[in-house]
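Please work through the exercises below with the sequence and the structure side by side. Each one sets a task and then goes through a solution step by step.

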Amino acid sequence: MSNVMHYREADRKAALAQLFDRSSPTYERVGVEHFNDLGRRLVAHAGVAAGHRVLDVGCGTGAVLIPAARAAGPDGEVIGVDLSGGMVARAQEEAARQGLRQVRAVVGDAETVALEDIATAPGSFDTVLAGICLFFFPRPQTAVARYRELLKPGGRFGVSWWGRPDPLWDPVYAASAPYGRGPSSHTLPATSPFRSVDALHAMLAEAGFAEAETAEEDCVTHFANAEQWWRWVWSTAGRQFWESVPDDERAKAVAAVNAKLDSLKAPDGSLTMTSKVRFTLAKRS
């Protein structure tokens with residue numbers, strides 16, 4: 001049974017890596033400010049400071065990695081780990097473009113973080129950060145226990161995750177739901193600790209963290225028009241749902257969604273989405 005579960009998790013991770021590989025060319029490149037803003041906020045909440053050693057798990061294209069490197073400065077070190085080679089390549093390119101020599105981004109399993117991947121020792125990081133990614137992991141409990149091992153005593157773990165989506169957009173997602181034929185990468189299992197703040201705090205306490213606190217803020221995302229929203233969806237993990245829509249039903253599905261988008265448009269045709277994002281911080285006790 002354990003071997004079957006292992007293979008299922010391996011398949012899920014491989015599919016996730018491939019999903020983000022497909023998104024990597026356009027991720028955060030469609031003119032919409034979203035994940036980079038959330039990354040800067042997580043770094044600020046975590047209090048990354050000059051000289052700190054930071055591990056960014058699920059680093060993607062660098063939404064957390066790059067601002068963490070700026071905060072750590074040239075005397076610090078920031079290492080990013082991600083399953084997707086395409087996303088890691090983007091993060092490496094951005095770090096090089098900005099001349100951030102204190103940054104390394106590597107392809108690896110951000111859930112288990114093998115020491116040979118990051119060339120470091122346990123208990124050597126001041127901060128571990130996970131920006132809008134931990135809920136993707138098959139075993140988040142295993143992940144946070146691993147991050148505790150990698151932190152110095154008193155080191156901080158910071159994670160950003162989604163609260164309530166914008167209720168005004170519920171009709172949009174309801175219109176698309178009947179057409180999907182596969183699981184969404186954002187679907188939370190019934191046992192997910194990301195279903196409530198209390199559940200996440202309990203998971204962190206069980207892993208040996210203390211003083212968990214969560215702040216909830218607005219995440220306001222603007223789209224010039226419906227066409228930009230569609231480009232944005234296809235540049236994110238949200239594309240997984242639309243890839244599951246059969247070709248002969250896609251036009252009908254798109255029309256159903258566009259009809260709901262029309263009701264959300266401002267007079268100039270723009271769209272605004274205001275969701276809740278949560279920032280949780282805890283210390284290695």
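## Exercise 1: Aromatic pairs

At 6% relative accessibility, Phe209 counts as buried. The model is a predicted one, and the values used in these exercises are computed from it.

Task: Work out how the rings of Phe157 and Phe209 are arranged, and which parts of the chain the pair ties together.

Solution. A pair of aromatic rings is described by the distance of the centres and the angle of the planes.
- Step 1. The centres of the Phe157 and Phe209 rings lie 5.7 Å apart, and their planes are at 35°.
- Step 2. Planes under 30 degrees apart count as stacked and over 60 as edge-to-face, with the rest counted as tilted, so the pair of Phe157 and Phe209 is tilted.
- Step 3. Phe157 belongs to strand 5 (residues 151–162) and Phe209 to strand 6 (residues 209–223), so this pair ties together parts that are 52 residues apart in sequence.
- Step 4. Phe157 is buried, with a relative accessible area of 1%, and Phe209, at 6%, is buried as well.

Task: Describe the arrangement of the rings of Trp229 and Trp230, and say whether Trp229 is buried or exposed.

Solution.
- Step 1. For Trp229 and Trp230 the ring centres are 4.9 Å apart and the planes stand at 70°, so the pair is edge-to-face.
- Step 2. Trp229 has a relative accessible area of 4%, which is under the 20% cut-off, and Trp229 is therefore buried.
- Step 3. Trp230 also counts as buried, at 13% relative accessibility.

Task: Find which residues are linked by ring pairs into a cluster, and which ring has the charged end of Arg53 over it.

Solution.
- Step 1. The count of aromatic pairs comes to 14.
- Step 2. Ring pairs join Phe20, Tyr27, Phe35, Phe135, Phe136, Trp161 and Phe194 into a cluster.
- Step 3. The charged end of Arg53 sits over the ring of Phe125, at 4.6 Å from the centre of that ring.

## Exercise 2: Packed helices

Task: Describe how helix 9 and helix 11 pack, and name the residues that make the contact.

Solution. Two packed helices are described by the angle between their axes and the distance between the axes.
- Step 1. Helix 9 (residues 226–234) and helix 11 (residues 247–262) have their axes 11 Å apart, at an angle of about 125°.
- Step 2. That angle makes helix 9 oblique to helix 11, and the crossing of helix 9 and helix 11 is right-handed.
- Step 3. From helix 9 the contact involves Ala226, Trp229, Trp230 and Trp234, and from helix 11 it involves Arg250, Val254, Val257, Asn258 and Leu261.

Task: Do the same for helix 2 and helix 3.

Solution.
- Step 1. The axes of helix 2 and helix 3 are 8 Å apart, and the packing angle is about 40°.
- Step 2. Helix 2 is thereby oblique to helix 3, with a right-handed crossing of helix 2 and helix 3.
- Step 3. In this packing, Gly39, Arg40 and Val43 of helix 2 meet Pro67, Ala68 and Ala71 of helix 3.

## Exercise 3: Residues and their surroundings

Task: Place Leu38 and Ala72 in the structure, and list what each touches beyond residues up to four places away in sequence.

Solution.
- Step 1. Leu38 is part of helix 2 and is buried, with a relative accessible area of 2%.
- Step 2. Beyond those neighbours, Leu38 touches Ile132, Trp162, Cys219, Val277 and Phe279.
- Step 3. Leu38 and Trp161 are 123 residues apart along the chain, while their C-alpha atoms are separated by 9.7 Å.
- Step 4. Ala72 is found in helix 3 (residues 65–72), and Ala72 is buried at a relative accessible area of 1%.
- Step 5. With the same kind of neighbours set aside, Ala72 touches Val48, Ala49, Ala50, Gly51, His52 and Val78.

Task: Say where Glu28 and Val113 lie, and give the phi of each.

Solution. Most residues other than glycine have a negative phi.
- Step 1. Glu28, in the loop between helix 1 (2–23) and helix 2 (35–46), has a positive phi near 60° and counts as buried at 15% relative accessibility.
- Step 2. Val113, in the loop between strand 3 (103–107) and helix 5 (115–118), has a positive phi of about 45° although it is not a glycine, and Val113 counts as buried at 1% relative accessibility.

Technical notes
Residues are numbered from 1 along each chain as its sequence is written. This is a predicted model: local features need pLDDT of at least 70, side-chain atom pairs count only at pLDDT 80 or more; totals for chains, interfaces and linings use all residues. Side-chain values use heavy atoms; hydrogens and water are left out. Rings of Phe, Tyr and Trp (its six-membered ring) pair if their centres lie within 6.5 Å; planes under 30 degrees apart count as stacked, over 60 as edge-to-face and the rest as tilted. Helices (H or I, at least four residues) and strands (E, at least two) are DSSP runs, numbered from the N terminus. Buried means under 20% relative accessible area, exposed over 50%, partly exposed in between (1.4 Å probe, protein chains only). A charge sits over a ring if NZ of Lys or CZ of Arg is within 6 Å of the ring centre and within 35 degrees of the ring normal. Contact means heavy atoms within 4.5 Å. Axes are lines fitted to C-alpha atoms, for helices over the stretch in contact, and angles run from 0 to 180 degrees between N-to-C directions. Angles under 35 degrees count as roughly parallel, over 145 as roughly antiparallel, 65 to 115 as roughly perpendicular and the rest as oblique. A crossing is left-handed if the near helix is turned anticlockwise from the far one by less than a right angle, and right-handed if clockwise.
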